[in-house]
There are 10 protein chains.
Amino acid sequence: MTGRKDESLTDLSLLGNQDTKYSFDYTPEVLETFDNQHPNRDYYVKFNCPEFTTLCPKTHQPDFGTVYISYIPDEKMVESKSLKLYLFSFRNHGDFHEDSMNIIMNDLIDLMNPRYIEVWGKFTPRGGISIDPYCNYGRPGTKFEKMAEHRMMNHDMYPEKIDNR
Amino acid sequence: MTGRKDESLTDLSLLGNQDTKYSFDYTPEVLETFDNQHPNRDYYVKFNCPEFTTLCPKTHQPDFGTVYISYIPDEKMVESKSLKLYLFSFRNHGDFHEDSMNIIMNDLIDLMNPRYIEVWGKFTPRGGISIDPYCNYGRPGTKFEKMAEHRMMNHDMYPEKIDNR
Amino acid sequence: MTGRKDESLTDLSLLGNQDTKYSFDYTPEVLETFDNQHPNRDYYVKFNCPEFTTLCPKTHQPDFGTVYISYIPDEKMVESKSLKLYLFSFRNHGDFHEDSMNIIMNDLIDLMNPRYIEVWGKFTPRGGISIDPYCNYGRPGTKFEKMAEHRMMNHDMYPEKIDNR
Amino acid sequence: MTGRKDESLTDLSLLGNQDTKYSFDYTPEVLETFDNQHPNRDYYVKFNCPEFTTLCPKTHQPDFGTVYISYIPDEKMVESKSLKLYLFSFRNHGDFHEDSMNIIMNDLIDLMNPRYIEVWGKFTPRGGISIDPYCNYGRPGTKFEKMAEHRMMNHDMYPEKIDNR
Amino acid sequence: MTGRKDESLTDLSLLGNQDTKYSFDYTPEVLETFDNQHPNRDYYVKFNCPEFTTLCPKTHQPDFGTVYISYIPDEKMVESKSLKLYLFSFRNHGDFHEDSMNIIMNDLIDLMNPRYIEVWGKFTPRGGISIDPYCNYGRPGTKFEKMAEHRMMNHDMYPEKIDNR
Amino acid sequence: MTGRKDESLTDLSLLGNQDTKYSFDYTPEVLETFDNQHPNRDYYVKFNCPEFTTLCPKTHQPDFGTVYISYIPDEKMVESKSLKLYLFSFRNHGDFHEDSMNIIMNDLIDLMNPRYIEVWGKFTPRGGISIDPYCNYGRPGTKFEKMAEHRMMNHDMYPEKIDNR
Amino acid sequence: MTGRKDESLTDLSLLGNQDTKYSFDYTPEVLETFDNQHPNRDYYVKFNCPEFTTLCPKTHQPDFGTVYISYIPDEKMVESKSLKLYLFSFRNHGDFHEDSMNIIMNDLIDLMNPRYIEVWGKFTPRGGISIDPYCNYGRPGTKFEKMAEHRMMNHDMYPEKIDNR
Amino acid sequence: MTGRKDESLTDLSLLGNQDTKYSFDYTPEVLETFDNQHPNRDYYVKFNCPEFTTLCPKTHQPDFGTVYISYIPDEKMVESKSLKLYLFSFRNHGDFHEDSMNIIMNDLIDLMNPRYIEVWGKFTPRGGISIDPYCNYGRPGTKFEKMAEHRMMNHDMYPEKIDNR
Amino acid sequence: MTGRKDESLTDLSLLGNQDTKYSFDYTPEVLETFDNQHPNRDYYVKFNCPEFTTLCPKTHQPDFGTVYISYIPDEKMVESKSLKLYLFSFRNHGDFHEDSMNIIMNDLIDLMNPRYIEVWGKFTPRGGISIDPYCNYGRPGTKFEKMAEHRMMNHDMYPEKIDNR
Amino acid sequence: MTGRKDESLTDLSLLGNQDTKYSFDYTPEVLETFDNQHPNRDYYVKFNCPEFTTLCPKTHQPDFGTVYISYIPDEKMVESKSLKLYLFSFRNHGDFHEDSMNIIMNDLIDLMNPRYIEVWGKFTPRGGISIDPYCNYGRPGTKFEKMAEHRMMNHDMYPEKIDNR
Ligand SMILES: [Ca+2]
Ligand SMILES: [Ca+2]
Ligand SMILES: [Ca+2]
Ligand SMILES: [Ca+2]
Ligand SMILES: [Ca+2]
Ligand SMILES: [Ca+2]
Ligand SMILES: [Ca+2]
Ligand SMILES: [Ca+2]
Ligand SMILES: [Ca+2]
Ligand SMILES: [Ca+2]
Ligand SMILES: [Ca+2]
Ligand SMILES: [Ca+2]
Ligand SMILES: [Ca+2]
Ligand SMILES: [Ca+2]
Ligand SMILES: [Ca+2]
Ligand SMILES: [Ca+2]
């Protein structure tokens, strides 16, 4: 089999590991990275995460949403199984949707120091209304800071049709 | 449970309160706010509100629509249950769709003093025609004023397909 | 203009009447009928009513749904504008969804004495769950009674996909 | 070119005729037929007609709908251009939707004496409600009479989702 | 009932009027306006009109389409029932689709003197091809003139999927 | 307000109660009922529950699915808020999907003794494959037992398109 | 590679053959078969053929449609590349849609002597109307003859939505 | 955690095992079962498998499809990870689509001895035509044999729309 | 009938002409124009052409696609029936998809000398891959040249989902 | 037959060749080109490739995705059958999705030296999360380099809805 060699993957403790522990309390330290093999190029990686659930901080009832994470890597890239475990760790965590999305983005910035990143949550309704927060970040002092402003300015001009069914 | 603490939520009188009163006359004073925990960052919060209904000012028959509200908070953020009650209070209120959307935006500007906000209503047809008003606002004298102009200029260039079925 | 003559429509007080009163309290007496011109044939008439709203009997908050009514007329047929006014009259009425659908069907049976009728309500979610009641009726002692049983036995074997968005 | 020969088509006065007259008053006599070349076999022909428009008999405003016609031919088959002209002739005709569908079916029975036929109209909403009549017919005393009953009993058990958008 | 008062609506002769006359010959004078209550703000009003029908100027056969009209009002706003009657008046009018869309826009500019307006028609196929004209206008010498150029430059870069079914 | 009276609702301890406790361990005793007001009629009630989550019994990782529950009540009907709490109680419960669906149906039979009931779960994929169990029940010795057999025989003959996106 | 051996495929002259000739005149003799390896079992094979085109027998203009062919094999099965060539051979053939579908079914019955077969054509509109013929066949004197009657009786009770866009 | 206990799962060698071997040659012996805990009830389990790929037996080029498997268990149930590995083992296997579906069903009958089972493959097009085989089985001499005949007779009467895009 | 007068249409030899000849060899000279009645305004005309078919230049097998043509007229506009005949003339023409789209655009530039034009073809798959070429043109030395560059730079940033079904 | 002549196609060894070898190990040398006949014009060619499959470099299990490739040619254009064989050669190749997309783009740049190119992969989920990498390239020192930056800055601002079903 051609392609990525096992030796370049030795830092990954979770991918393919059968003894995975699932923590359901907020656990940012579970996140792991691997090296970007194309650091001389700007490119996007997007994660579609439709199985996100957390708790309402006041009523403690479960909330459900889909999280879309998109970033341009610098030297480090988040490994997807560790990202899955990280998102699972919000399962018994209580926060407003607006806060969760900002926290996820903050943790991924700390982990990878990406050139650019954005996080968009789309939640199911409570009381007939659903909430969809969106935040982004471009590394300060670079063209990616302008990119973040540009994308904020043009964000979501075609809101998807929502009829609660 | 990690996350937002109850003490930061004591100003919220409606969320999780079983004695909620439902007013069906226009009641902007029902709106409540909580503090933005990420004020150093521009980010969007969108509310999808498909259960909006009001009355025709002339014939008094009910109208139905979906309202999409999207804003960039400054220091205050509208609490979603109070927003629900506010929107319910249009139930027996009579106004043209164009007026309702402007009034909702005005009330939310008064409440939160947001950096940016937009409100888009999409109504069901009367006489074979449906009406979809859209208004927006950027805080005067800031980059958000330009953002509002930019988004107005590029608004809805792909009108959704409507066949009244 | 060929077609139905005005003289056959003189019993209709609401269709085309500009002085329509909109009652928002349960008012079954607003319903009107006209004569079936094809009584020697069994055929269906379906009403699609996506603008139905009522109140929760316990919390008094508004609920929203779509009501599908389908019937085989005998001698009388319900006039659609009076049906609209009748459905509007649930606007400030409090009942469980299961009850509303049965009440609508009972009222239409009383009004028209149809050969067959069915009523299906599909509501927006509360607490992440939505409720869809379905009832039907065939005139006792006729083949339509068997028809009702047959349709109940084969009802909704392909529930529509619901994701609350 | 292989296939149907021109000589078998000489009865068709409308297909490919550039001097077509468009009558907008009800004109059943415009309908034409050609011979069924497979009379020993039961098979269906369906016409999808999304450009049907007529007038309200009371308010005289235009109504719009899609008509689906499906039949099993016996010896005669309706030619599709003549069907188009026939449907156009309802353009300034005033009738309830329930009547129009029955009239169309009656005229096609008179024209073709089919083994089986059904007509389903689906109209755009007026006052938030849309009406969809359905009628059918099987030749009396044949298995097609039972077929009509069977299809009436199982008609439309999955009403399409209608949200007036 | 709170909201628009009847006294501000006295100029509207058609809304809620049961004696509506339906002209099926091109009648631009039926259009009526009411006052914009938010003239200090740029905002959009969109009309979705899926029941537009006209005649081919050469063959005189009916054509069918959906018209999307979107504008930023100045002092006057078109009342929607009068718009409905105006569009109905194309019913027996013969013009190419390209001409109809320009004529509608010209008439609405004459009526309202809007800051910005655009009209997009999407028609059903003839001979396997369908035609969708789009025109727009920004008041000369204002920023809206540039807006019109900008929107023309970026128009319809994602043509909707059309398969004639 | 007309409709169901509060006195008929006094047995409901959860609906509208702000002190709701959310248990995330399997808790069938949270289920509550109210009286069927139309016991002389067979009719369906369907619950759409797209926010169901449980744990894999072997790997303990979360699973996600939508549960559709449909039943014909006898004397008792399950209250929807208690159903929500019951479904939430699977959150930290470990079972195969096939088992969960059977357990839910068993618990609802014990609670309500319905005439007929069916439960269909549709889960998100693991390893590229998703699992959708379906079970049903008709009261033994009644026509509903035959109904269950009939519906099992005709179940899901049009599997929905699944592409894991 | 496990699976079907080349020796069992020696009768197939077209599959994988680079010297394929494309005839655009009706050529039923191009059809080829291979042996059914599961003749003791009834099972379906369906062909989806969205690239069917033929000519109008009167105006000679091209028509376009999708053909769905579904059958239960007996001893012979039609090879799909030969089926493609056969369908291509209608390209310059002139016939009514009703005739083409019957001819295709007749040719496949002659070729394979199947237990059961059905052919459904769905064509693009001409003059605003589209035509969808459907025919089927069960081997006379077997249970498949009844199957054909049963499927004819239950054919297409949910006509797909057609709006010519 | 409540639910299935580990001790009842000890026969499963693959679920949660990190040393999984992926065979890409036909390997039916990889299939494993666990015990049905509800053997006194008829219920369905469906597997949606959109990642199926095999090779053409004559040209050896890859083919792609989605396989839907649905069965009523008796005492044994197939474990889903072993099913995944089994389906992967067709990756370098060459067979006609009609054969693959029959083979999969035969292997699952041998493994589980189910009361009822059906397998439906839907493949991507080659030469503009796609092939969808369907087979089923009911245990001989039981009501499930009749069930298989009944479902064969009513199979796929609404073929999904295929346009190769 | 108001609207375009016959005298302005005398140059059109094909529209409404029953003696239309259908050439299936590349015939650009069939194209006809009429005068633009709104030359002082920039506006778009789009043709949706889902019935395009041509031959592979190497294997000579038929290919199928949809062609979207959009342009801003100057003085001349292409008449749609002549466009239909022109596109039909590719029926027996052999070229790569990339070449056909460029040829169509070149011919329409020669015919109309438009201010701006673009042509987008979307074809059905061969060998599991489909090809979609897009070309555009703005009149050199005008703002439309920049428009073409701008639209090329922003072309198709949201490729439609293609799954070959 | 008019169009591309065979002599201009003599460099193509694969198109229409029945002796095609299918390599399932990474084989970039299989790629072939033909000459761009419109080199004086910038235009796009897009390939939709929904049948892409590769292996996980760590667990060796198969992954599945759709690859969208879009480019502006200079002198050379990639022939689509050779592209198909090239993509098939990833079948037994192990790499992260992020690497595969970059490798495909690098190989096509080496092959064609295009003015602009972009590659977007959209994969099915593993562990509930799916990954979609996107990379692009504009020839350095030309306007296409800016084009690449512009498209990166505006990439995917409307992520498609993903629910893993
Ligand atoms: Ca929805
Ligand atoms: Ca949904
Ligand atoms: Ca939804
Ligand atoms: Ca909807
Ligand atoms: Ca619609
Ligand atoms: Ca709709
Ligand atoms: Ca379509
Ligand atoms: Ca999907
Ligand atoms: Ca439509
Ligand atoms: Ca359509
Ligand atoms: Ca379409
Ligand atoms: Ca499709
Ligand atoms: Ca598709
Ligand atoms: Ca498709
Ligand atoms: Ca989906
Ligand atoms: Ca999906």
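This tour moves through a predicted model, from an annotated site in chain A to a pair of chains and then to the calcium ions.

**Annotated residues in chain A**

Begin by selecting A:Val78, A:Glu79, A:Ser80, A:His97 and A:Glu98, which an unreviewed UniProt entry annotates as "binding site". These residues span 21 residues of sequence, and they are spread in space as well, with up to 24.6 Å between C-alpha atoms.

Centre the view on A:Glu79, which sits in the loop between strand 4 (76–78) and helix 1 (80–88) of chain A. Because its relative accessibility is 2%, A:Glu79 counts as buried. Showing its surroundings, and leaving aside neighbours within four places in sequence, you will find A:Leu12, A:Leu15, A:Glu32, A:Thr33 and A:Phe34 in contact with A:Glu79. Now display the side chain of A:Glu79 together with the backbone of A:Lys81: a side-chain oxygen of A:Glu79 lies 2.9 Å from the backbone nitrogen of A:Lys81, and A:Glu79 thereby caps the N-terminal end of helix 1 of chain A.

Extend the selection to helix 1 of chain A itself, where eight of the nine residues are buried, so that the helix is largely enclosed by the rest of the structure. The buried residues include A:Leu83, A:Leu85, A:Tyr86 and A:Phe88. What do the buried residues of helix 1 of chain A pack against? Within chain A, the partners are strand 2 (43–55), strand 3 (62–72), strand 4 and helix 2, and strand 3 (62–72) of chain F joins them.

From there, go to A:His97, which lies in helix 2 (residues 97–112) of chain A. With a relative accessibility of 9%, A:His97 also counts as buried, and its contacts, apart from neighbours within four places in sequence, are A:Asp63, A:Phe123, A:Ile131 and A:Pro133.

**Chains E and I**

Next, hide chain A and colour chains E and I separately. A turn of 72 degrees, with a shift of 0.0 Å along the axis, lays chain E on chain I with an RMSD of 0.0 Å. The two copies are thus related as by a five-fold rotation axis. The copies nevertheless use different surfaces, since 14% of the contact residues of chain E recur in chain I. Select E:Tyr158, which among the residues of chain E comes closest to the rotation axis, at 6.9 Å for its C-alpha.

The contact between the two chains takes 42 residues from chain E and 43 residues from chain I. Together the chains bury about 3,800 Å², of which 57% is on carbon and sulfur atoms. Highlight E:Lys58, E:Ile129 and E:Tyr158, which supply 17% of the area that chain E buries against chain I, more than any other three residues.

**Calcium ions and Arg165**

Finally, show the ligands and select the calcium ion (ligand 10), which is coordinated by E:Arg165 (O), G:Asp163 (OD) and G:Arg165 (O) at 2.3 to 2.9 Å. E:Arg165 and G:Arg165 lie in the segments after helix 3 (143–153) of chain E and of chain G respectively, so the pair joins two chains. Both E:Arg165 and G:Arg165 are buried. The calcium ion (ligand 7) lies 3.6 Å from the calcium ion (ligand 10), and E:Arg165 bridges the two.

Move on to the calcium ion (ligand 8), for which the coordinating atoms are F:Asp163 (OD), F:Asp163 (OD), F:Arg165 (O) and J:Arg165 (O), at 2.1 to 3.1 Å. The calcium ion (ligand 15) is 3.9 Å from the calcium ion (ligand 8), and F:Arg165 coordinates both. At 10% relative accessibility, F:Arg165 counts as buried.

Conventions. Residues are numbered from 1 along each chain as its sequence is written. Chains are lettered from A and ligands numbered from 1 in the order in which they are written. This is a predicted model: local features need pLDDT of at least 70, side-chain atom pairs count only at pLDDT 80 or more; totals for chains, interfaces and linings use all residues. Side-chain values use heavy atoms; hydrogens and water are left out. Donors are N, O and S atoms within 2.8 Å of the metal (3.2 Å for Na, K and Ca); water is not among the atoms, so sites may look incomplete. Buried means under 20% relative accessible area, exposed over 50%, partly exposed in between (1.4 Å probe, protein chains only). Helices (H or I, at least four residues) and strands (E, at least two) are DSSP runs, numbered from the N terminus. Copies are superposed by least squares on the C-alpha atoms of residues with pLDDT of at least 70 in both. Contact means heavy atoms within 4.5 Å. UniProt positions are given in the numbering used here, feature names are shortened, and annotations may be inferred rather than shown by experiment. Buried area is the accessible area (1.4 Å probe) that two parts lose on being put together, summed over both. A polar contact is a pair of N or O atoms within 3.5 Å; within protein, one must be able to donate a hydrogen and the other to accept it, and residues adjacent in sequence count only if both atoms are side-chain atoms.
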